[in-house]
Amino acid sequence: MNFQAPEGTKDITPEQVVLWNRLETAARETFARFGYEEVRTPIFEYTALFHKSSGETTDIVEKEMFTFGDPEDKKGTYSLRPELTPGTIRALIEGGLFAKKNFWKVWYLGPAFRKERPQKGRYRQFTQIGVEAAGSPDPLVDAETMVLFAEILKAVGVTAWELRVNSIGCKECRPVYREALKNHIRPLLPTLDENCNRRFERNVFRILDCKVDADKLKDAPKAIDHLCQACKDHMAVVEASLKACEVPYRIDSRIVRGLDYYTRTVYEFSSSALGSQNALAGGGRYDTLVGSMGGPDVGSVGFAAGVERILLAMGGEAVPPAPDFFAVAAGDVSRSDVFKIVVDLRRKGLSGDLDFEARSVKAQMRSANKTGARYALFIGPEEVQKGVIKLKDMKDGTEKAVFHEEAVNILRGGKK
Ligand code: HAM
């Protein structure tokens, strides 16, 4: 019987790990430059956390969570996290971190789980990398999170991306917009699908996200035309900052986002290099979430990106870095002597391997070639006895017998 990975999961092979590490290294370096600190939280939380934060009426919470545990339990069931924002904010509040500092800029990388229909770029277990800047109402922070993600994309060579930004208003102007939207949509309800009809009462904004009836909704009023003065001013600073930092964007009134906590700025990065699942990252401001979860009443903004989607956009498979050497056991040398020399070299910071199958010199040379090692090291009984290693430069084929110390210098410097 052959086992298969569960539907919607993806193995990351050693070749893909090279790309993954390139992305992770670039992201870590960029986060550090922008002043973000790393946090790690559990991959599951009490289900109630997601109901309270991500939103009861969102698709993610209604249909897509992997929930387990005993519903009779006093604290309720658990759910695998469908996103990392709720756990991150919970951790900041629960850890009493706002008492130490009123503004936290944190980043995370880890798995998230959604019971979606799997397809290219859409998985049931995927990896999110993202930030939460919690504790500032400043529109410059909104811009900073967008500039930050654009920098990460630049660092990993993803150029075919688009940033779309929208403002969905605040608790002052959003109710006015909600009414305007409802008044526009009410007469259309009989022509809209069942899902839209259900959303009308529960969360009318989500109707704008409808893929089926998009055409019928193209004249719907736009949130951006219903903003109060404070939201307009906020958006003006966001736009001016993006322009000043030369991050291209366009306003798109259809961006409503699939989570309930957003206020004011919302945005999505997408890539034309991907198929229908083209969202690389999504985020926005959430000025009421921290307070509603029992924390201080502070504004926050963040985004999360799908690591697997960024890897797809990076394209191809990278070549793993070539080792410094491959040791060939020649003649009837003791293989443990060769092993010891290899370990000594590794302890000195060099990378390399040896043959573990006791094969012929010819076969070992084939391995040396395959690994792309810079040098092949020939170690026979004579070399062991004299305390030397015969180095073969795999680029030009030249050979040279040198003492171990000299061999280390050559391998380190790449010079003969
Ligand atoms: P989201 O838009 O639901 O936002 O997800 C962010 C990103 O995760 C998406 O743009 C996409 O790249 C990736 N993603 C989502 N679902 C899948 C999937 N099934 N398979 C592969 N990749 C996927 C959030 O999760 C918010 N927490 C973002 C945020 C942080 N807002 C404020 N702070």
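Let me start with the ligand: 27 residues surround it, and the closest are Glu83, Thr85, Glu116, Tyr123 and Tyr262. Keep in mind throughout that this is a predicted model.

What is the shell around the ligand made of, by class? There are 12 nonpolar residues, eight polar ones and seven charged ones. Some of these residues come from strands. Strand S6, residues 125-134, strand S10, residues 279-285, and strand S11, residues 300-306, each supply at least two residues of the shell. Which element gives the most to the shell around the ligand? That is S10, with six residues.

Now a few individual contacts. Tyr261 has a polar side-chain atom 3.1 Å from a nitrogen atom of the ligand. With Ala281 the backbone is involved: one of its N or O atoms lies 3.4 Å from an oxygen atom of the ligand. Gly302 also uses its backbone, where a polar atom is 3.5 Å from a nitrogen atom of the ligand. As for cover, the ligand taken alone exposes 660 Å², and the protein buries 95% of that.

Next, the cysteines. How many disulfides does a search of the whole structure find? Zero. Two pairs of sulfurs are worth going through. The cysteine sulfur closest to that of Cys170 is in Cys231, at 3.4 Å; a disulfide needs the two sulfurs within 2.5 Å, so this pair is too far apart for a bond. Cys173 gives a similar reading: its closest cysteine sulfur is in Cys228, 3.7 Å away, which is also too far for a bond. Are Cys170 and Cys173 buried or exposed? Cys170 is buried, with a relative accessible area of 12%. Cys173 counts as buried too, at 5%.

On to the aromatic rings. A pair of aromatic rings is described by the distance of the centres and the angle of the planes. In this model the count comes to 12 aromatic pairs. One of them is Phe149 with Phe269, which is edge-to-face, with 4.8 Å from centre to centre and 75 degrees between the planes. Phe149 lies in helix H6, residues 139-155, and Phe269 lies in strand S9, residues 265-271, so the pair ties together parts that are 120 residues apart in sequence. Phe149 counts as buried, at 1% relative accessibility, and so does Phe269, at 0%.

The pair of Tyr177 and Phe205 has a different arrangement from edge-to-face: the ring centres are 5.7 Å apart and the planes are at 20 degrees, and because planes under 30 degrees apart count as stacked, this pair is stacked. Where do the two residues sit in the chain? Tyr177 is in helix H7, residues 174-185, while Phe205 is in the loop between helix H8 (194-202) and helix H9 (229-244), and they are 28 residues apart. Tyr177 is buried, with a relative accessible area of 3%. Phe205 is buried as well, at 6%.

Back to Phe149 and Phe269 for a moment. They belong to one aromatic cluster, together with Trp161, Tyr267 and Phe303.

Last, a residue in a loop. Ala273 lies between S9 and S10. Ala273 counts as partly exposed, at 45% relative accessibility. From Ala273 to Phe103, C-alpha to C-alpha, the distance in space is 36 Å, and the two are 170 residues apart in sequence.

Notes:
Residues are numbered from 1 along each chain as its sequence is written. This is a predicted model: local features need pLDDT of at least 70, side-chain atom pairs count only at pLDDT 80 or more; totals for chains, interfaces and linings use all residues. Side-chain values use heavy atoms; hydrogens and water are left out. A residue is near a molecule or strand if one of its heavy atoms lies within 4 Å of it. A polar contact is a pair of N or O atoms within 3.5 Å; within protein, one must be able to donate a hydrogen and the other to accept it, and residues adjacent in sequence count only if both atoms are side-chain atoms. Accessible areas come from the Shrake-Rupley method with a 1.4 Å probe; for residues, only the protein chains shown count as cover. Helices (H or I, at least four residues) and strands (E, at least two) are DSSP runs, numbered from the N terminus. Ala, Val, Leu, Ile, Met, Phe, Trp, Tyr, Cys and Pro count as nonpolar, Asp, Glu, Lys and Arg as charged, and the others, Gly among them, as polar. Buried means under 20% relative accessible area, exposed over 50%, partly exposed in between (1.4 Å probe, protein chains only). Rings of Phe, Tyr and Trp (its six-membered ring) pair if their centres lie within 6.5 Å; planes under 30 degrees apart count as stacked, over 60 as edge-to-face and the rest as tilted.
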